Amino acid sequence: MRPVIPYVTAALLFGLGVFGVLRRRNAVLVLMAVELMLNAVNLILVTADTTVRAQLPHSGQVFALFVIVLAAAEIGVGLAIVLQLYRLRASVAVDDVPLSEPPAQPAARTGDEVPR
Amino acid sequence: MTGADVLLLALGAVAVGAGALVVGTRHLVRAGLWLVVCLGALAGDYLVLTAELVAWVQVLIYVGAVVVLLLFAVMLTRAPIGASDDLDRPGWPAALIGGGSGLGLAVLLVDAFRWSRVQLPAAGTAERLGEQVFRSWVLPFEVLSVLLLAALVGAIVLSRTDIGRPGTPVADPVRPVPAGTPLDEGGRA
């Protein structure tokens, strides 16, 4: 097995992911590009497991499993944020989001600060 | 070139091609479907690299859960039939940075490994990986389960509109306060 083949595959996938994150405007497509980058890292880990003789066997594959779980958590929270953004602004374009939101006016909500 | 090399080349080409279509296509839903192809080819790569358990977990979690969630999000936000023209920014800086990082990493890795060969190790079956996870890596495993729980709670808090936002009236779960009802000093209708 020539390890350079999966390594180059992973490098190219990572480049594609970076390109997608920077290029796409739709937040869901940005998340898909992030998934590409995470998968490139996973492929590196699994390939390194075959080329590097570590003290603990199969460390790379265990790390790949951990990264998959992290990706699942990330996608859950990320999609919740995206859906909340869509509910607030009716748009998921990431370059329409203002970086500093003016604070909400507390004028009409006088009853909120009182504890129940 | 052995059979494993040919398989790795073919699956890698499929994965990179499908990945290029994920970041390049102008159809929102098709991007998700190309992502399925890319992740499936990567699962095949893992199988060739003798990472059996990782391959099946990849199919189960990525193709089964993550892509379905992404497609749900596409449908819930905006699901146009046909091509959309406003998906992309002008792409020269992105192409420069993405291409630069990808090709730079590829050159580094080619320089490090050349055309060397390695023997494939023993297969990473569920038994061997389970031994490692539950012996050497059991503490990270437990921390990860706490993190999953935190992510779950966080997603719930984010998607409920009546909690978590400062200044939101605390709604009575049985009898919601109608808008415009004057509130007394206790905050109740």
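Which residues does B:Val22 touch, not counting residues up to four places away in sequence?

1. This is a predicted model. In it, B:Val22 touches A:Gly20, A:Met32 and A:Leu36. Within chain B, the residues it touches are B:Ala31, B:Trp34, B:Leu35 and B:Cys38. Residues up to four places away in sequence are not counted.

2. B:Val22 also belongs to the largest nonpolar core, which has 70 residues. It is listed there among those with the most contacts inside the core, along with A:Leu13, A:Val28, A:Met32, A:Leu36, B:Cys38 and B:Val54. Both chains contribute: helix 1 (4-23), helix 2 (27-51) and helix 3 (59-89) of chain A, and helix 1, helix 2 and helix 3 of chain B, each supply at least two residues. Helix 2 of chain A gives the most, with 15 residues.

3. Now the contact between the chains. Chain B puts in 84 residues and chain A 69 residues. On the side of chain B that touches chain A, at least two residues each come from helix 1 (3-24), helix 2 (28-48), helix 3 (52-77), helix 4 (92-113), helix 5 (126-135) and helix 6 (138-159). Helix 4 of chain B gives the most to that side, with 14 residues. By type, the residues of this side are 57 nonpolar, 18 polar and 9 charged.

4. Helix 2 of chain B merits its own check. Of its 21 residues, 15 are buried, so the helix is mostly covered. Its length agrees with expectation, because 21 residues at 1.5 Å a residue should span 30 Å and the end C-alpha atoms are 31 Å apart. After the helix comes B:Thr50, with a positive phi near 65°.

Technical notes. Residues are numbered from 1 along each chain as its sequence is written. Chains are lettered from A and ligands numbered from 1 in the order in which they are written. This is a predicted model: local features need pLDDT of at least 70, side-chain atom pairs count only at pLDDT 80 or more; totals for chains, interfaces and linings use all residues. Two residues are in contact if their C-beta atoms, placed from the backbone, lie within 7 Å. Helices (H or I, at least four residues) and strands (E, at least two) are DSSP runs, numbered from the N terminus. Ala, Val, Leu, Ile, Met, Phe, Trp, Tyr, Cys and Pro count as nonpolar, Asp, Glu, Lys and Arg as charged, and the others, Gly among them, as polar. A nonpolar core is a set of buried Ala, Val, Leu, Ile, Met, Phe, Trp, Tyr and Cys residues joined through C-beta atoms within 7 Å. A residue is buried if 20 or more other C-beta atoms lie within 10 Å of its own, exposed if 12 or fewer, and partly exposed in between; C-beta atoms are placed from the backbone. The expected span of a helix is 1.5 Å times one less than its number of residues.
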